[in-house]
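Thanks for coming. I have one structure to go through today, and I will start from a single strand and work outwards. Please have the model open as I talk.

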Amino acid sequence: MNIERIVRDSSNTDPGQFYLLLTASIVPRPIAWVSSRSAAGVDNVAPYSFFSVASTAPPIISFTSVGGAKNSAANAIETGEFVVNVVTESLTRKANASSAGFDSDRDEFVEADIASVPAETVNCLRVRDSPVALECRLHRHLEVGNCVVVMGEVVAVTLDASVVAEDGLPDFARLAPMSRLGRQEWGLPSRTIEIDRPT
Ligand SMILES: Cc1cc2nc3c(=O)[nH]c(=O)nc-3n(C[C@H](O)[C@H](O)[C@H](O)COP(=O)(O)O)c2cc1C
């Protein structure tokens with residue numbers, strides 16, 4: 001069978017189009033719903049799907065702010081603290097609402113009507129109804145291309161007991177995290193299979 005192969009060369013593709021190609025190809029992406037507080041004390045929350053583990057020892061996670069340091073990145077860099085909250089299906093519309101471009105003096109928990117509670121170990125809020133929250137202290141930030149990559153050391157993870165399996169870890173089906181796809185699409189939690197790693 002001869003299937004046509006399409007080649008998109010970054011050197012002669014409009015950067016905006018290439019961005020759309022990347023985000024529709026690298027899917028599904030987990031969503032870091034980042035909560036932070038500015039040095040002036042204004043609370044902020046916004047979703048970031050350019051999000052991953054950068055190191056396991058120490059435990060470091062990263063999120064990428066596209067086009068420079070948006071409020072979440074600026075706060076994390078300024079105060080050295082932030083929290084990554086997991087987005088579940090019932091929180092999807094609130095997470096989306098919190099992605100609006102609010103000015104830095106607006107409390108986004110209030111603007112997007114998101115219930116919050118203080119984090120346990122860092123000086124900002126977490127999303128009350130998110131079942132897992134990763135509390136972070138800034139490790140470093142890096143400018144990469146047109147982006148700012150923020151790395152945080154996870155100093156504590158708080159979990160709702162309802163999503164924790166017998167082995168002490170979050171159970172995927174109970175956690176049911178949303179993901180980001182391409183375009184304006186979100187992914188619902190998918191099916192899982194279990195396969196032993198080769199020795
Ligand atoms: C599901 C989702 C994922 C997003 N991921 C990113 C991302 O990885 N990087 C980014 O810069 N913006 C991302 N955005 C857009 C930001 O959430 C948006 O620019 C927001 O206003 C930033 O808020 P802040 O300035 O309070 O940090 C995403 C939006 C949505 C809805």
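The place to start is strand β6, where six of its six residues are buried. Before I go on, note that this is a predicted model. The burial of β6 holds on both faces: Glu81, Val83 and Asn85 lie on one side, Phe82, Val84 and Val86 on the other, and all of them are buried. As a reminder, side chains in a regular strand alternate between the two faces of the sheet.

Now the partners of that strand. β2 is joined to β6 by four bridges, and the two run antiparallel. In that pairing valine 34 sits opposite valine 84 in β6. β6 also pairs with β9, again in the antiparallel sense, this time over five bridges. There, asparagine 85 stands opposite alanine 133 in β9.

Which residues in the largest nonpolar core touch the most other members? The core has 31 residues, and the ones with the most contacts to other members are Ala32, Trp33, Val34, Val83, Val84 and Val87. At least two residues each come from β2, β3, β5, α2, β6, β8, β9 and β10. β6 makes the largest contribution to this core, with four residues. In general, nonpolar side chains of soluble globular proteins tend to be buried together.

One of those core members, valine 87, has contacts I would like to list. Leaving out residues up to four places away in sequence, valine 87 touches Ile31, Trp33, Pro47, Thr92, Ala95, Pro177 and Met178.

Next, helix α2, residues 71-79. Its buried residues are Asn71, Ser72, Ala73, Ala74, Asn75 and Ala76. Among the elements that cover them are β2, β3, β5, β6, β9 and β10. Just after α2, glycine 80 has a positive phi of about 80°.

The ligand comes next. A total of 18 residues surround the ligand, and the closest are Ala46, Phe50, Lys70, Asn71 and Ser72. The elements giving two or more residues to this shell are β3, β5 and α2, and β3 gives the most, with four. What is the make-up of the shell by class? It has six nonpolar, nine polar and three charged residues. Asn71 and Ser72 therefore appear twice in this talk: they are among the closest residues to the ligand, and they are buried in α2.Cysteine 124 is in the loop between β7 and β8. Is this residue buried or exposed? With 24 C-beta neighbours inside 10 Å, against a cut-off of 20 or more, cysteine 124 counts as buried. Setting aside residues up to four places away in sequence, cysteine 124 touches Ser35, Ser36, Arg37, Asp43, Glu81, Phe82, Val83 and Ala119. Its C-alpha atom is 8.9 Å from that of glycine 41, although the two are 83 residues apart along the chain.

There is also an open sheet of three strands, in the order β1-β11-β12, with antiparallel pairing. Its edge strands are β1 and β12, each pairing on one side only. Two bridges join β1 to β11, and arginine 29 stands opposite arginine 180 in β11.

Now some backbone details. Two cis peptide bonds are worth a look. One joins valine 27 and proline 28, with omega about -10°, and proline 28 is in the loop between α1 and β1. Another joins alanine 57 and proline 58, with omega about 0°; proline 58 is in the loop between β4 and β5.

Then there are positive phi values outside glycine. Aspartate 113 has a phi of about 55° and is found in the loop between α4 and β7. With 9 C-beta neighbours inside 10 Å, aspartate 113 counts as exposed. Alanine 176 has a phi of about 50° and lies in the loop between α5 and β11. Alanine 176 is partly exposed, with 16 other C-beta atoms within 10 Å.

Last, the chain as a whole. Its secondary structure comes to five helices and 12 strands. The radius of gyration is 18 Å, close to the 16 Å from the globule rule for 199 residues, so the chain is as compact as a globular protein of that length. The C-alpha trace spans about 60 × 40 × 35 Å along its principal axes. Of the 199 residues, 28% count as buried. Of the contacts between residues at least 6 apart in sequence, 61% join residues at least 24 apart.

Technical notes
Residues are numbered from 1 along each chain as its sequence is written. This is a predicted model: local features need pLDDT of at least 70, side-chain atom pairs count only at pLDDT 80 or more; totals for chains, interfaces and linings use all residues. The radius of gyration is taken over C-alpha atoms; the globule rule is 2.2 Å times the number of residues to the power 0.38. A residue is buried if 20 or more other C-beta atoms lie within 10 Å of its own, exposed if 12 or fewer, and partly exposed in between; C-beta atoms are placed from the backbone. Two residues are in contact if their C-beta atoms, placed from the backbone, lie within 7 Å. A residue is near a molecule or strand if its C-beta atom, placed from the backbone, lies within 6 Å of it. Ala, Val, Leu, Ile, Met, Phe, Trp, Tyr, Cys and Pro count as nonpolar, Asp, Glu, Lys and Arg as charged, and the others, Gly among them, as polar. Two strands pair if DSSP finds at least two bridges between them. A nonpolar core is a set of buried Ala, Val, Leu, Ile, Met, Phe, Trp, Tyr and Cys residues joined through C-beta atoms within 7 Å.
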